[in-house]
Structure formats: C-alpha cells, structure tokens
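Biologist: Please take a close look at one part of this model, the surroundings of a bound ligand. Then carry on to the helices.

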Amino acid sequence: MDVRNFTSVEQMEEEAKNLKERAAAAGAETWEDRKKAQTPQCKFGEDGICCRICSMGPCRITPKAPRGICGADAHAIAGRNYLRMVAGGTAAHSDHGREICHTLHATRPDGHYQIKDPAKLLRLANEWGVKTEGRDIYDIAHEVAEIGLMEYGKPFGTQRFLTRATEERQKLWHELGIAPRAIDREIATAMHMTHMGNTADAEALVRQALRTGMADGWGGSMMGTEMTDILFGTPQPRETEGDLGVLDKDMVNIIVHGHDPAMSEMIVLASEDKDLIEYARSKGAKGINVCGLCCTANEVTMRHGVKMAGNFLQQENAILTGMVEMIAVDVQCIFPSIGPLSECFHTKFITTSPIARIPNSEYVEFHPETAREKGRELVRAAIDNFERRDPAKIYEPKKKQGARVGYSCEAIIKELDGVTNSYVDVRGTYKPLIDCIKAGVLRGAVAIVGCNNPKVRPDYSHIEIMKELIKNDIIVVTTGCSAQAAAKAGLMKPEAKELCGAGLKRVCELVGIPPVLHMGSCVDISRIMLLVNDVCKQWGIRCDQLPAVGCAPEWMSEKAVAIANYVVSTGIDVYLGIEPQVKGSAQMMELITEGTRKLTGGGFIINTDPHVLVQKMIDGIEKKRAALGI
Ligand code: BF8
Ligand code: SF4
C-alpha cells in the first residue's frame, strides 16, 4: 500500500497552519484564537453542575455547597442539563424534518420543487395507508406530507415509524415507556420536566432523554431523510472529491453550508443553468464551482456528486483561501464568526433561514414559490463578486481526495444484489452481508458519526479509529462531519481497500465498494437505524446482540446527544471520545454508561484516547460475536 495515495492528519494540519497564517495577515481571528481566549474553560459547566434554570441561581455544586438554593443536588442539576441538551438536539433535527415536510407539501408538477423519487413516495403512502390508486402523484405527496406534519403534534399515539423496528424493540420501547409520542410533545415534556420545581430524579430524567431522543431518530430525523429522498432523490453511489483542494482558482466558487437541502438544491440547479455559466465566462471565470460544507455538503454530494470542501472546523478555512465568492447557509452548525471573517475577504455571506439570522450577513429568505429565482439571483451575485477578489489574499490548498458516496439503504441492497445474481432468494435483503459477518469474513460494523471538537485534534480521532477498524475487518458506515473526515483522508475511495484486513478487502473487491460507506448527513443516522433493524429481522436476533456499534469520537452538538440517546434506545452501544457534561454527578455517569444498558441493552462507553476507544470497540464487537456463538 502506498501511503502517498492518502492524506494524513499531519498533512491536513500543515494546510490548516498555512491558512491560519493568511488569517493573521488579513487581521482575522479564527476558532483557534478564540479557544485560547476561552481557556481554561469553566469546570462547573464542564461537569454539568451549574444550574441557571431559575433566577435564584446560578447555583454551582461544590463539596461545601452540595445543593442549589431550591435543594437540587448534583444529580438533578446534571440530569436536567443533560435532558435539555437532548431536547435542543431533537428540536433542531426535527424542525429540519418538519421544514422538509412543508417543502414536500409545496411541490407542484410545474413548481420549483418536484417529486424525484415517486417509488419511495408510494412505498411510504402504502405504509401509512394513503390511497394511491388512480390518484395524482402530487395529491399523494401532499397527503403524505400532511400526515408527516401531524406526527409533530398529534394528541394521541406514538410515532408511526416505530413499526419499522423489530417486534422485540417495539415491545421493549412500550414497556419502558420510551416509545415517543408526538415529536413536539416529547420536546415540551423535556423542557417542562426540567423547569424549576419539577423532576429532580436523575433516573427519570435519563428515561425522558431516551424518549426525547427516540422522537428524533424514529421521528423527526427519519422524517427528514424520507421526505428529502422523495423530494430530491434517494442517493445512489457516485464519485466525488473532498477537502479544500476542491476549490478552483479559475472558477466562481460558491459554498453551501448548513443542513436543510431546500436552498442548496436550488443553488446547485442554478449553477447548471447555461446562461449563468456563460455569464461566469463573460466575467473571466472558467465556470461555476459549487462546493459543500458540513451536512449540506453531505446532502448535495449524495444526490449530485457536489464536491465536499470540508467539515465543521474547516468552515473558516474555506473563506481564508480568499477564493470563495459566496458562502450561502441555511440552518445549524454555522459559526457566527463567518460574518466578520467574510468581511476581511471579498466573500459574500448569505443567510437564508429565519432560524439562523447572523450579523454581518445579507439575508435572502427562501420560499418554495420563489426558490428557483432566488437560487439564480444568488449565483448571479456570486459571479458578480468574482472580479472583487484580491489576488494578494489568495491561497490555493492543494490537497483533495476522490470519494465514492451515496450509500442509502436502497443503494447498499442494490450493491449486494449485484453479487448474488444466482441466489434469487436473497435478492433485496442484507443476507449476503449477514453471511459475511456470521462467517467472520467481516467481524462486524461500526457507524462513525458526528462533529469536530476543538477539545481534540480535528479529524484525528475519526481517521485513526476508521483505519484501525478496517484493518481489523470491521466495515465502517459514516455520516455527518465524520464522513468528510473520511473523504479528506481518502478512506471513501475504492483503493482504501488496501488499508483493510484480508476479509474486508475481499468484500470490497467482490461488491465493488469502499470500506467506509458514506450514508449521508446527521439526520440520515435514521438510515443506519433502519439498516440495523432490517439486518436483525433477517438474522432473527435482537438489536443489542448485533456485532455493530456506534461511535462519535469528536462530537460537540446537542444534536449528537439526541442521536446518542436514540441509538442507545435501539440497543446499540455508543462510544464517545468527548465526555458528556455530567461528570459532576456519579449517578448520572452510572446511568448513561451502565443504567441504560440494563434497560435497552445499549449504553455509552467513554474514553478520550482514540486508540483506547477503538480497542474497546473491537473488544465489544468480539464479545457480541462470542455471545452469538459465531
Ligand atoms: O448535523 S456532524 S458539526 S454538521 S452536528 Fe454539525 Fe456535528 Fe457536523 Fe451536521 Ni451533525
Ligand atoms: Fe438554583 Fe434550583 Fe434555581 Fe437551579 S432551579 S438555579 S439549583 S435555585
């Protein structure tokens, strides 16, 4: 294996250092500067034992003051803070899912948004008992969207998507009282429970964290994924590239950033309009180059092969190249620093959603009725900005890697079908994959997901852990900023099979896949939940028996805490490389690591050393194999 074909973290750091120098020269600050200014960080906050839920506080727990003014102890305070993080994360994912339902509801045969995957729409309509025969596809779409929207506020019953899980999970969730009711209800319950003078029992808070998280993964996030596939197409494998080297000095560079693809899809479409390409040429550019950041990158790369400029902690670096004409954002994970930073360069910073209003940006609100024109207007404005570039401020990053992306569940099954032509009975199933795991050719699977966090070296944990897993014949699926870390390193190109153990290498060759499969954005972790449940149904085992685990080695957001809660509820262990902010309560630490495992079969394993963490994962997978007798 020739390591020169891959990008090391050291090489990424070298490039980041060069860009950092450009920031200093331009008089701009970056997250590294602000991190220094924030150090040391507040210990009470870090341990989760500062309470400012009411104005008698803030109350901080110390050995001398073991209770807040109202009498809440460390366990109550850490537990309430933790549940509020889950509520915040669930709200973000689920509101994104709701917006997508509204976009589906606004589709018209001649409108700006249309149905790209009618087959998936019909499957969902049938699942939900919507009449389809003899009906116009758009009528069906509107009814499906309305039913989806009702899942947010219906007064009775639990989430519809729960019936997709194994019988065993459905029964367990109902018995434990963690089957989520209406999505908004679970978020409101979490906020109500944590209001001053309500729940002070950590165990009850953790149980509601599971239920609220479930409203995300088996509610709002799944809604986001399903409706996005119907609207913009279910991802299929395609080739693309990742890292800042995808920015092209000779082109008009536009970055789309955020999560909800309704805006970025319109920009991608506009960038393909012939008259706008001609317009770019008339301004001296070779063309229009749309690249993505964060989960918006994942959405548009999975469906159009749009190149990925990078992940969370690379958002400032993109602008520091001096080559970005426009950064257009929708919602979530957008640094407010993009405002002042853009002003140090020629970059236009465009905000588009009332959910993410940011100073020093130009605000262009997106609506389904005018989205196509707005997309064109923005691309035109970016082209006009091309000649305002300052050549003295340009820095061209050289590094980029090829990547194969687009592994929805449907795509994975199609790939498996491709190698099982003679075994007609297993077509359309995961059985070939299950057989590989049973035989030990693959030892198991790990979903590596989540963010970057300045508490650790950016991307180092993601990449080290992935490399170690594939070396040990453990297949990796990935989403979110982790997927972009993999792309930058070169782990999502088919040649990465050279880094694998003999078993996984053989599978990659046979099926024609890379060892790290890009399954999408963070809401698409719902795809992984469906994959796990379908595998368990076809295998005939419980979810917590499967030799598969989840890992968020560099997580930072509330959304990640919500995800971790629904993954654990689904019976899957979650390995965390960043400590949750509950350390000030021994009871909370016990509840999230061991307590939930007694309920759902899944819990957190926490270790800040990625090498130790990956070894624990491998041991955990081997333990599950042994318990299954395989
Ligand atoms: O939702 S992985 S930094 S971009 S929160 Fe954000 Fe984290 Fe990236 Fe996507 Ni997910
Ligand atoms: Fe302090 Fe209790 Fe108010 Fe929290 S709720 S700030 S612990 S008095």
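**The shell of ligand 2 and the helices**

Modeller: Ligand 2 is surrounded by Cys-51, Ile-53, Cys-54, Met-56, Gly-57, Cys-59, Gly-68, Ile-69, Cys-70, Ile-77, Arg-80 and Met-196. Keep in mind that this is a predicted model. By class, nine residues of that shell are nonpolar, two are polar and one is charged. The two polar ones are Gly-57 and Gly-68. The charged one is Arg-80.

Now to helix α4, which spans residues 74-105. Ile-77 and Arg-80 of the ligand 2 shell fall in that range. Two packed helices are described by the angle between their axes and the distance between the axes. For α4 and helix α6 (residues 137-150), the axes come within 8 Å and cross at roughly 155°. An angle over 145 degrees counts as roughly antiparallel, and α4 and α6 are therefore roughly antiparallel to each other. The crossing of α4 past α6 is left-handed. On the α4 side, the contact is made by Arg-98, Cys-101, His-102, Leu-104 and His-105. α6 contributes Ala-141, His-142, Val-144, Ala-145, Glu-146, Gly-148 and Leu-149. Six of these contact residues are nonpolar, four polar and two charged.

Last, helix α12, residues 294-304. Here 10 of the 11 residues are buried, so α12 is largely enclosed by the rest of the structure. The buried residues are Cys-294, Cys-295, Thr-296, Ala-297, Asn-298, Glu-299, Val-300, Thr-301, Met-302 and Arg-303. Gly-305 follows α12, and its phi is positive, near 75°.

Note on methods
Residues numbered from 1 in each chain as written. Chains lettered and ligands numbered in written order. Predicted model: local features only at pLDDT ≥ 70, side-chain atom pairs only at ≥ 80, totals over all residues. Heavy atoms only, no water. Near = heavy atom within 4 Å. Axes fitted to C-alpha atoms, helices over the stretch in contact; angles between N-to-C directions. Helix = DSSP H or I, 4+ residues; strand = E, 2+ residues; numbered from the N terminus. Parallel < 35°, antiparallel > 145°, perpendicular 65-115°, else oblique. Left-handed = near helix turned anticlockwise from the far one by under 90°. Contact = heavy atoms within 4.5 Å. Buried < 20%, exposed > 50% of the residue type's maximum accessible area, 1.4 Å probe, protein only.
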